[in-house]
Amino acid sequence: MNRRNFLETAMPAGIALAAGVSACMPKSQQMYPDKHYHISRGYHHIPKLRLSMDRIVKETVGLRPFRASGPRLDVEQLGNKTLVHNYGHGGSGWSLSWGTGNIARKHVLATQEKKVAVLGCGTVGIATARLLQESGCEVTIYTRDVPPNITSNLATGTWSPASRVCDVKVVRPEFRAVWEDACRFSFRRFQFLLGMNDIACWAEEYGVFQNEPNYVPGAGGEDFEVHGLLPERVSLSAREHPFKANHVTRRSNLMFNIPAYLRHQLQDFTMFGGKVKIQEIRKPEDIDALPEKVVVNCMGLGAKPVFNDEELTPVSGQLSCLIPQGEANYKLYTQGANFISRKDGIYIGSNGIVGNWDTTPSREQTEKTVGILMKLMEEMKG
Ligand SMILES: Cc1cc2nc3c(=O)[nH]c(=O)nc-3n(C[C@H](O)[C@H](O)[C@H](O)COP(=O)(O)OP(=O)(O)OC[C@H]3O[C@@H](n4cnc5c(N)ncnc54)[C@H](O)[C@@H]3O)c2cc1C
């Protein structure tokens with residue numbers, strides 16, 4: 001009996017039939033049937049989320065420090081102190097932290113003082129402090145709270161440098177160039193934080209909509225755009241994605257694994273001799289009492305009462321956190337909901353309520369966004 005006859009006799013009918021079918025297939029499909037299917041359809045690996053209300057382990061509301069005229073980046077003299085402002089980044093503080101930190105650094109270096117106080121230990125304060133250290137300054141951070149008890153800890157953690165950064169109807173025309181410089185500086189800086197246990201990394205971001213949205217999908221309020229940094233957003237044909245939707249886009253975007261990132265930054269700061277002192281600044285006189293002659297104000301929304309900044313307004317944003325799901329490492333926007341998959345959880349959100357100081361999470365908001373995403377996942381192919 002030759003090998004072919006042996007196989008035909010030995011195999012049950014079903015398997016023989018399958019073998020017959022596979023004999024008609026192209027060779028690559030026989031070897032890797034699933035892989036071939038996914039490649040030929042242009043699919044990327046897009047696992048479904050395990051979504052249910054009992055998998056929500058945390059709900060938070062953070063307050064974005066919004067200023068219609070953009071972040072405050074000027075310098076003022078306060079008694080014998082030089083005060084450099086660096087606060088009010090709205091929904092873009094993570095993205096712009098290095099860039100506006102660099103602007104603050106230039107102001108500080110112009111004074112030629114080497115002992116510098118930084119007020120605030122959020123992502124903006126820590127980035128500014130690190131840049132000052134790199135320029136040879138001895139830095140002490142004075143702060144009411146440290147991570148995780150800061151607004152920066154309650155963010156989504158994606159590259160969104162234009163998100164609620166200003167109101168285009170109010171902002172001065174010069175701001176656009178300042179913003180663009182800050183974007184480019186930050187973006188370059190983030191490239192040096194890649195590959196360090198994923199504190200910063202690249203992820204695929206999908207926009208999934210029934211009708212073409214009349215805005216560029218993003219974290220919200222993105223009136224400014226900077227070209228040539230992120231890869232272009234591409235539209236996917238129905239054969240290239242598993243969603244039940246007419247308009248699907250994909251692009252690669254930067255994201256930040258917030259808890260690990262902040263820890264890494266603080267460790268670097270202390271490794272280079274930086275000190276962190278827990279101290280609340282209640283009034284300008286408290287700043288005057290600090291030993292350093294140059295002070296950088298990175299207090300975010302906390303700057304409002306100290307400097308009577310009437311422009312500074314909270315824009316609250318709720319995030320609902322699902323248990324992390326290692327294989328789901330992408331980001332998605334759809335009508336009424338979005339999520340980002342980080343190492344510490346899958347963060348679903350986020351809304352934006354202007355002028356809202358209330359940080360109580362709403363169960364209703366979580367149910368709404370989870371419901372929208374559950375439907376989207378149920379309708380996904382595969
Ligand atoms: C839901 C949500 C999602 C977001 N998503 C993104 C995103 O994806 N990408 C992005 O780029 N940005 C995002 N943001 C915006 C970003 O989180 C903020 O712009 C950023 O955290 C501001 O950082 P900060 O360091 O200025 O402020 P904070 O993190 O608030 O830090 C301020 C620091 O100052 C200290 N402080 C305050 N008052 C005083 C005081 N009186 N005395 C002493 N210390 C004081 C605080 O204790 C704290 O240490 C998001 C925000 C929210 C709420």
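Start by selecting glutamate 280: at 35% relative accessibility, this residue is partly exposed (buried is under 20% relative accessible area, exposed over 50%, and partly exposed lies in between, with a 1.4 Å probe and protein chains only). You are looking at a predicted model, in which local features need pLDDT of at least 70 and side-chain atom pairs count only at pLDDT 80 or more, while totals for chains, interfaces and linings use all residues. Residues are numbered from 1 along each chain as its sequence is written, and side-chain values use heavy atoms, with hydrogens and water left out.

Now add arginine 144, partly exposed at 49%. Glutamate 280 and arginine 144 form a salt bridge, with their closest N and O atoms 3.9 Å apart (the term needs a side-chain nitrogen of Lys or Arg within 4 Å of a carboxyl oxygen of Asp or Glu).

Next, select arginine 251 and glutamate 205, whose side chains meet in a salt bridge at 3.0 Å, N to O. This pair links distant parts of the chain, 46 residues apart: arginine 251 sits in strand S8 (247-256) and glutamate 205 in strand S6 (200-209). Strands are DSSP runs (E, at least two residues), numbered from the N terminus. Arginine 251 is buried at 14%, and glutamate 205 is buried at 3%. For a wider selection, take Arg144, Asp145, Glu280 and Arg282, which salt bridges with shared partners join into one network.

For the last stop, pick glutamate 76 and arginine 72, a salt bridge with closest N and O atoms 3.4 Å apart. Here glutamate 76 is partly exposed at 26%, whereas arginine 72 is buried at 17%. If you would like to keep exploring, the structure holds 22 salt bridges.

Definitions and conventions. Helices (H or I, at least four residues) and strands (E, at least two) are DSSP runs, numbered from the N terminus.
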